[in-house]
Amino acid sequence: MKNIVVIGAGTMGNGIAHTFAQTGFKVNLVDVSQEALDKGLKTITNNLDRIIAKGNLTEEQKAETLGNITTFLALEDAAKNAELIVEAATENLDLKMKIFKQMDDFAPENCILATNTSSISITKIASVTKRPEKVIGMHFMNPVPIMKLVEIIKGYSTSRETFDQIFEMSKTLGKTPVEVNDYPGFVANRILMPMINEAIETLYNGVAGVEEIDQVMKLGMAHPMGPLQLADFIGLDVCLAILNVMYDGFKNPKYAPNPLLVNMVTAGKIGVKSGEGFYDYSESKKAEKVSKMFAK
């Protein structure tokens, strides 16, 4: 497999496209607007420049990586010669099922259809296609070019051949694939999201402040990032969507999203991408941090 299509140029999509392209795959990156595609390519370029600055990439390799990416506004055009399509759209079941119907219609018969969903049933997504044996989950971690883990999730009908192909391909990307079965939240988010939700519950109950909660987990549990900062990084809207999927799937109150999380998402305070979540990421705060650095 050398011809890859990635649907969605957002945080996960551009990271997935970057990773495939840097490894030598030809990538067609698809989104609904040119603005989203341009933003995704800019992010990839900036991330490549950071790798160059660390001495781990050359300018020639950067040019080759960017040369491996072609942008499309129409999936029908992008998917003509696809051998693998990776969907990385918003964590919304209706949207993903709509996209998978289109993927199934436009992709060649031998093409594998993968989703980067972090919680939604692969079996349910596959049910809208005529090739459920070729539908699989590839749950990359953020930031994709750096994080090694990929959860490879088999749906009920996913064939062993499809699984083996994707498992081995993940290794060629420099990733560590882990086999996971199709249950809400899989492994990563089934464990992570209740922890994040409990951290929010701890804040909601006034046990400690944001920085204090994160500091306890970083210093006491050796986490590189506190759960509230991590939630901001993931996106509080994404955290809420995943918790809702698990709550609906298991009918267990331990997965019920905390009211503070629901209110923050409703108010549009969803973390880094909105400029504010549990922490302030606004330009004024960035400027304040820079001025303090120079003051030192």
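A crossover counts as right-handed if, with the strands pointing away from you, the path from the first strand over the helix to the second runs clockwise. Keep that in mind for a stop further on; the model you have open is a predicted one.

Start with the whole protein chain. Its secondary structure comes to 13 helices and eight strands, and the C-alpha trace spans about 55 × 50 × 35 Å along its principal axes. The radius of gyration is 20 Å, which agrees with the value near 19 Å for a compact globule because the chain has 296 residues. Switch on a surface if you like: about 14,900 Å² is accessible, with 54% of that belonging to carbon and sulfur atoms. Buried residues make up 44% of the chain.

Next, select residues 4-182. An unreviewed UniProt entry annotates this span as "domain: 3-hydroxyacyl-CoA dehydrogenase NAD binding". It is 43% helix and 22% strand, and its end C-alpha atoms lie 24 Å apart.

Now zoom in on strand β4, residues 84-87, and show side chains. L84 and V86 point one way, I85 and E87 the other, and all are buried.

Which strands flank your view? Add β1, residues 3-7: β1 and β4 pair in the parallel sense over four bridges. Look for I7, which stands opposite E87 in β4. Then add β5, residues 112-115, which runs parallel to β4 and is joined to it by four bridges. Here V86 has A114 of β5 as its bridge partner.

Last, select helix α5, residues 93-106, along with β4 and β5. Together they make a right-handed β-α-β unit, so turn the strands away from you and trace the clockwise path.

Key
Residues are numbered from 1 along each chain as its sequence is written. This is a predicted model: local features need pLDDT of at least 70, side-chain atom pairs count only at pLDDT 80 or more; totals for chains, interfaces and linings use all residues. Side-chain values use heavy atoms; hydrogens and water are left out. UniProt positions are given in the numbering used here, feature names are shortened, and annotations may be inferred rather than shown by experiment. Helices (H or I, at least four residues) and strands (E, at least two) are DSSP runs, numbered from the N terminus. Buried means under 20% relative accessible area, exposed over 50%, partly exposed in between (1.4 Å probe, protein chains only). Two strands pair if DSSP finds at least two bridges between them. The radius of gyration is taken over C-alpha atoms; the globule rule is 2.2 Å times the number of residues to the power 0.38. Accessible areas come from the Shrake-Rupley method with a 1.4 Å probe; for residues, only the protein chains shown count as cover.
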